[in-house]
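Biologist: Hello! I would like to learn how to read the empty spaces and the helix packing in a protein model. Could we go through one together?

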Amino acid sequence: MSNQFSRTQLIFGAENMDKLQKSRVAVFGVGGVGGYTVEALARSGVGTLDLIDNDKVCLSNINRQIIATRSTVGKYKVDVAKERIIDINPDAKVNIYKTFYLPETKDQFHFEDYDYVVDAIDTVTGKIQLVLQAQEAGTPIISSMGAGNKINPSQFEVADIYKTSVCPLAKVMRRELKKRGVKKLKVVYSKEKPIKNSEDVPGSNAFVPSTVGLIIASEVIKDILGFYN
C-alpha cells in the first residue's frame, strides 16, 4: 500500500526505513540551515527529532527560512518547526527546547541519547562545545560552517574540518579544535569568498542556507544507514 514514505522506501528499503523511524536526531539551531535540515529529516522518516533554538521568527527571516512566513512571525521557531513536522508525519516524536546552547546550558542535553547531532548554530563557543560534547558521548556530529554573504550554492562541499580552506569560520574552528585535541569533524563549507557588506549582520538569500541544510540532512541519513561507508 502506498504511504508518505513509499518513494523513499524504494531507495532505502523497508529495513532501513524502520531504522530511520527508530532514530533520534538533535538539531541545534532551527534557522536558515537547520530549518531545512529538520524538514528533510522529517520527510525522510526520522522518528524522533530534538529541536534546540530560543529564537522567534522575525520578518527578516522570511527571505531564507522555511519555517518563516507572515503567519509565523513572532512565534518560537521550535514551535513552528514542531507543528510542521507533525503535519508531515503525525507519528514523529518532537522534543523542543527554547534554549540558547552554550557551555553554560550543555548539561540540559544528553548526547548519549542521540543517534546524530546537527550543529547549525552561529556562535563559535557553542559550536566548539557541541563538538566536544558529541565527542565525549561518542555521538556522530556534522557542523555547518559559514553560509552568510555567499551566493553560489554549488561551492558547498562536505569535508573534514582540517581539509577546509577559504571559509573564515572554518579557519577559527580548525584552530580552536586543534587546541582541544579534536582529531576530526565532518563539516559542510564553501570555498566561495564571502561578499562584503556595510552592515554588522551577514547578508543571506533563499538558496544558499537551504542548500547547506539539505546537504547536512543527506549526510545524516546516509551515515545512520551506513551508506557509502
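Modeller: Gladly! Let us begin with a term: a cavity is a set of grid points where a 1.4 Å probe fits but cannot get out. Keep in mind that this is a predicted model.

Biologist: How many cavities of 30 Å³ or more does the count come to?

Modeller: The count comes to one cavity of 30 Å³ or more. About 30 Å³ of space lies in this largest cavity.

Biologist: Which residues line the largest cavity?

Modeller: Its lining is made of Gly-35, Val-38, Glu-39, Ile-66, Ile-67, Ala-81, Arg-84 and Ile-85. Helices α3 and α4 (77–88) each supply at least two residues of that lining. Sorted by class, the lining has five nonpolar, one polar and two charged residues.

Biologist: What is the general idea behind looking for empty space this way?

Modeller: A probe the size of a water molecule is rolled over the atoms, and this shows where empty space is left. Some of that space is open, and then we speak of a pocket.

Biologist: How much space lies in the largest pocket?

Modeller: The largest pocket holds about 860 Å³ of space. Two elements give two or more residues to its lining, namely α3 (32–44) and α6 (168–179). Of these contributions, that of α3 is the most, with three residues.

Biologist: Which residues should I click on to find the centre of the largest pocket?

Modeller: Try Arg-64, Ala-120, Ile-121, Asp-122 and Pro-202, which lie nearest the centre among the 37 lining residues. By class, the lining of the largest pocket has 15 nonpolar, 15 polar and seven charged residues.

Biologist: And what lies around the second largest pocket?

Modeller: The second largest pocket has about 300 Å³ of space and is lined by 15 residues. Thr-139, Pro-140, Ile-141, Lys-184 and Leu-185 lie nearest its centre. Helix α5 (residues 124–137) gives the most to this lining, with three residues. The classes here are seven nonpolar, three polar and five charged residues.

Biologist: Now for the helices. How do I read the angle between two of them?

Modeller: Think of each helix as an axis pointing from its N to its C end, and take the angle between the two directions. Angles under 35 degrees count as roughly parallel. Helices α3 and α4 pack at an angle of about 20°, with their axes 9 Å apart, so α3 and α4 are roughly parallel to each other.

Biologist: Which residues meet where α3 packs on α4?

Modeller: From α3 come Val-38, Glu-39, Ala-42 and Arg-43, and they meet Arg-84, Ile-85 and Ile-88 of α4. This contact has four nonpolar, no polar and three charged residues. Look back at the cavity too: Val-38, Glu-39, Arg-84 and Ile-85 are among the residues of its lining.

Biologist: At what angle does α3 pack with α7?

Modeller: The angle between α3 and helix α7 (residues 208–225) is about 40°, and their axes are 7 Å apart. The two helices are therefore oblique to each other, and α3 passes α7 in a right-handed crossing.

Biologist: What does the contact of α3 with α7 consist of?

Modeller: On the α3 side are Gly-32, Val-33, Tyr-36, Thr-37, Ala-40, Leu-41 and Ser-44. They meet Pro-209, Ser-210, Val-212, Gly-213, Leu-214, Ile-216, Ala-217, Val-220 and Ile-221 in α7. The residues of this contact divide into 11 nonpolar, five polar and no charged.

Biologist: One last pair: how are α5 and α6 placed?

Modeller: Helices α5 and α6 pack at about 50°, with their axes 11 Å apart, and are therefore oblique to each other. Their crossing is right-handed. In this contact Val-124, Lys-127, Ile-128 and Val-131 of α5 meet Leu-169, Val-172, Met-173, Glu-176 and Leu-177 of α6. By class, that makes seven nonpolar, no polar and two charged residues.

Biologist: Thank you, I will look for these in the viewer!

Terms used. Residues numbered from 1 in each chain as written. Predicted model: local features only at pLDDT ≥ 70, side-chain atom pairs only at ≥ 80, totals over all residues. Heavy atoms only, no water. 1 Å grid on protein atoms, 1.4 Å probe; cavity = no way out; pocket = protein on both sides within 12 Å on 5 of 7 lines; lining within 4 Å. Points joined across faces, edges and corners; volume = space filled by probe spheres on them. Helix = DSSP H or I, 4+ residues; strand = E, 2+ residues; numbered from the N terminus. Nonpolar A, V, L, I, M, F, W, Y, C, P; charged D, E, K, R; others polar. Axes fitted to C-alpha atoms, helices over the stretch in contact; angles between N-to-C directions. Parallel < 35°, antiparallel > 145°, perpendicular 65-115°, else oblique. Left-handed = near helix turned anticlockwise from the far one by under 90°. Contact = heavy atoms within 4.5 Å.
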